[in-house]
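Work through the exercises below with the model open. Each task is followed by its solution.

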Amino acid sequence: MTEILSLDFMQRALVAALLVGIVAPMVGIFVVQRRMSLIGDGMGHVALAGVAIGLVTDQSPVLTALVAAVIAAVVIELLRARGRTSGDVALAIIFYGGIAAGVVIISQAPDGTPANLVKYLFGSILTVRQGDLIAFAILAVVIAVTTWVLRPRLFAVANDEEYARAVGLPVLALNMVLAVLTATTVVIAMRIVGLLLISALMIVPNATAQLFARSFGSGLRWAMALGLVSAVGGVLVSYPLNTPSGGTIVLFAVGLFVVIAVAMSVRERLRARRHDMAERHDHEHGPGCGHESIPHRDHVDYVHDGHLHAAHQGHYDEHGEIAAAAAATKPAEEDVTR
């Protein structure tokens, strides 16, 4: 680990991964709310055309990709706002148009350029230069600050456009802001995750967070944490395994999703089993039922056949086994031990 951290290109790659891991889920959560999970792929294919333009004209691929992706984002929202083209159709047009333009443009490139293009498609930790890192950091700060400041409005629009319009929110402007943020996130991530895989880092951490988060705010925070772990962990694993950073990061994120999904499923099964055991209880407990009642925290337990039963949403939960005589003589001690 010390050897990896001492390498200059790995230090740059880890910083870039940290930036991507935080901002991608921040933007992605609103994309998920709008049910446009594939918009990252669409933007990635348009950014591919921008990268091709940069490589052919010997310009900065980051800058040309950013311009192409932002223009595509604005066009998509204008098409949706006019109502003549649905979001999915508009996204498909941009999706295929972008990849076709990239293929045609790159065919005019000098020898060796197609090989360089592969690094943008699937990510490569070796391609992050100091100048790129500075540009990524500036863009990431802009994305993070804009998303955090506008998050209540972005959530309102993503959740219910009609309601947001009724309360006076600038729906079209906010949708365009979100689209531009998505396009910028794609460009930031293309060196680490790759244009074809960035959508996964925007979506999968949010899907994982939704398995256990209890609110939008906690879901956003958990998604950012999971994205950060996936991005940094994927980069660290990809170097010794000599695997593409983008694919490794996405597999890391998918692995977290599977592990947490299984853990939550097991937890729910165990909880349901405990409740099923308690529900197999025909006797109705209550004042005068003939069983000893014992105050326990914020509720009352009833001693029945050596068990402590507590009423809970139409059934009884088990709160341990105890001899009825001991419960009757030492209720205070039992309550302290619990």
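The largest cavity is lined by Val31, Arg34, Met36, Ile39, Glu77, Leu178, Ala179 and Thr182. A cavity here is a set of points on a 1 Å grid over the protein atoms alone where a 1.4 Å probe fits but cannot get out, and lining residues have an atom within 4 Å of a point. The model is predicted: local features need pLDDT of at least 70, side-chain atom pairs count only at pLDDT 80 or more, and totals for chains, interfaces and linings use all residues. Residues are numbered from 1 along each chain as its sequence is written, and side-chain values use heavy atoms, with hydrogens and water left out.

**Exercise 1. The cavity**

Task: State how the lining of the largest cavity divides into nonpolar, polar and charged residues.

Solution:
- Start with the count: there are two cavities of 30 Å³ or more.
- Take the largest, with a volume of about 40 Å³. Grid points are joined across faces, edges and corners, and the volume is the space filled by probe spheres set on the points.
- Sort its lining by class: Ala, Val, Leu, Ile, Met, Phe, Trp, Tyr, Cys and Pro are nonpolar, Asp, Glu, Lys and Arg charged, the others, Gly among them, polar.
- The result is five nonpolar, one polar and two charged.

**Exercise 2. The helix at the lining**

Task: Find which helix gives the most to the lining of the largest cavity, and check its span.

Solution:
- Helix α9 (residues 171–189) gives the most, with three residues. Helices are DSSP runs (H or I, at least four residues), numbered from the N terminus.
- The expected span is 1.5 Å times one less than the number of residues.
- For the 19 residues of α9 that is 27 Å, and the end C-alpha atoms are 27 Å apart, so the two agree.
- Of those 19 residues, 14 are buried, so α9 is largely enclosed by the rest of the structure. Buried means under 20% relative accessible area, exposed over 50%, partly exposed in between (1.4 Å probe, protein chains only).

**Exercise 3. The salt bridges**

Task: Which residues are linked in a network of salt bridges?

Solution:
- Apply the cut-off: a side-chain nitrogen of Lys or Arg within 4 Å of a carboxyl oxygen of Asp or Glu. Two salt bridges result.
- Arg165 pairs with Glu161 at 3.7 Å, N to O. Both lie in helix α8 (residues 161–166), four residues apart.
- Arg165 also pairs with Glu162, at 3.4 Å between the closest N and O atoms. These two sit three residues apart in α8, about one turn of the helix.
- Glu161, Glu162 and Arg165 therefore form one network.
- Check exposure: Arg165 is partly exposed at 43%, Glu161 partly exposed at 22%, and Glu162 exposed at 57%.

Note on methods:
1 Å grid on protein atoms, 1.4 Å probe; cavity = no way out; pocket = protein on both sides within 12 Å on 5 of 7 lines; lining within 4 Å.
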